[in-house]
Structures are given as C-alpha cells and as structure tokens.
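Thanks for making time this morning. I will take one side chain as the starting point and work outwards from there.

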Amino acid sequence: MFKVRLNKHYSTWYWYVENPQGGGFGSNYCGSKAVVMKSALRGLAAGAKYTLTVNDKPQGTFTKGENHAN
C-alpha cells in the first residue's frame, strides 16, 4: 500500500509518496492543498490504495479514483 504524506510549513506544502517496496518520490508546492493532492497522486494508478497523513495526523485509507481526496 502506498503512503502519502502532506505537511504544510508556512505557505508551502511538502508531499511525499512512499511505495510498497520502500522507495518513494516527493516535492513541494506553494499553493492550495487540492493541487498538492493532485501532484502527489499523479504517479499512482487508478484503483491504488493509499494511506493519507496530513501534518502528521492520519486521515485514513483511500482508493485512488473513489474518494474525496483524489
């Protein structure tokens, strides 16, 4: 299962996606949370399951393409 982390520091969102094998990718963006979520989930295939953590608080488990966080 993928792990998606979003953290906001001042006006910048930092995101990181960890894949099931332990590697991952990430970046940062100065803008809205919706744009950051789109960027973070861009590399996941439709139907991929992921856990979401925002500012170190677990938000739950989601499936790409089925939930509000897409």
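The side chain of N7 reaches the backbone nitrogen of N55 at 3.4 Å. A polar atom of that same side chain lies 3.5 Å from the backbone nitrogen of D56. I should say at once that this is a predicted model, and those distances are computed from it.

Where is N7? N7 lies in strand β1. Is it buried or exposed? With a relative accessibility of 26%, N7 counts as partly exposed, because the cut-off for buried is under 20%. Leaving aside residues up to four places away in sequence, N7 touches T12, W13, Y14, N55 and D56. For another distance, take K33: N7 and K33 are 26 residues apart in sequence, and their C-alpha atoms are 9.8 Å apart in space.

Now the other end of those two contacts. N55 lies in the loop between β4 and β5, and D56 is found in that loop too. What is the sign of phi at N55? It is positive, near 50°, in a residue other than glycine. D56 also has a positive phi, of about 65°, although D56 is not a glycine. As for accessibility, N55 is partly exposed, with a relative accessible area of 35%. D56 is exposed at 65%, since exposed means over 50%.

Next, the strand that carries N7. β1 and β2 form a hairpin with two residues between them. In the turn, Y10 has a positive phi of about 55°. The two strands run antiparallel and are joined by seven bridges. Among the partners, K8 is bridged to W13 in β2, and K3 is bridged to E18 in β2. With β4 the sense changes: β1 and β4 pair in the parallel sense, over five bridges. In that pairing V4 stands opposite L52 in β4.

Put the strands together and you have an open sheet. In what order do the five strands come? The order is β3-β2-β1-β4-β5, and the pairing is mixed. At the edges are β3, residues 24-29, and β5, residues 57-63, each of which pairs on one side only. Direction ignored, neighbouring strands are turned by 15° against each other on average.

The helix α1 packs on this sheet, touching β1, β2, β3 and β4. Its direction makes about 25° with that of β2. Which residues of α1 are buried? They are V36, M37, S39, A40 and L41. These buried residues pack against β1, β2, β3 and β4.

That leaves the core. In soluble globular proteins, nonpolar side chains tend to be buried together. Here the largest nonpolar core has 15 residues, and V4, L6, Y50 and L52 have the most contacts inside it. Two or more residues each come from β1 (2-9), β2 (12-18), α1 (33-41) and β4 (49-54). Which element gives the most? That is α1, with four residues. V4 and L52 are worth a second look, as they belong to the group with the most contacts inside the core and also stand opposite each other across β1 and β4.

To finish where I started: the side chain of N7, in β1, reaches the backbone nitrogen of N55 and has a polar atom 3.5 Å from the backbone nitrogen of D56. Both of those residues sit in the loop between β4 and β5. That is all I have.

Methods. Residues are numbered from 1 along each chain as its sequence is written. This is a predicted model: local features need pLDDT of at least 70, side-chain atom pairs count only at pLDDT 80 or more; totals for chains, interfaces and linings use all residues. Side-chain values use heavy atoms; hydrogens and water are left out. A nonpolar core is a set of buried Ala, Val, Leu, Ile, Met, Phe, Trp, Tyr and Cys residues joined through side-chain atoms within 4.5 Å. Buried means under 20% relative accessible area, exposed over 50%, partly exposed in between (1.4 Å probe, protein chains only). Two strands pair if DSSP finds at least two bridges between them. Axes are lines fitted to C-alpha atoms, for helices over the stretch in contact, and angles run from 0 to 180 degrees between N-to-C directions. Contact means heavy atoms within 4.5 Å. A polar contact is a pair of N or O atoms within 3.5 Å; within protein, one must be able to donate a hydrogen and the other to accept it, and residues adjacent in sequence count only if both atoms are side-chain atoms.
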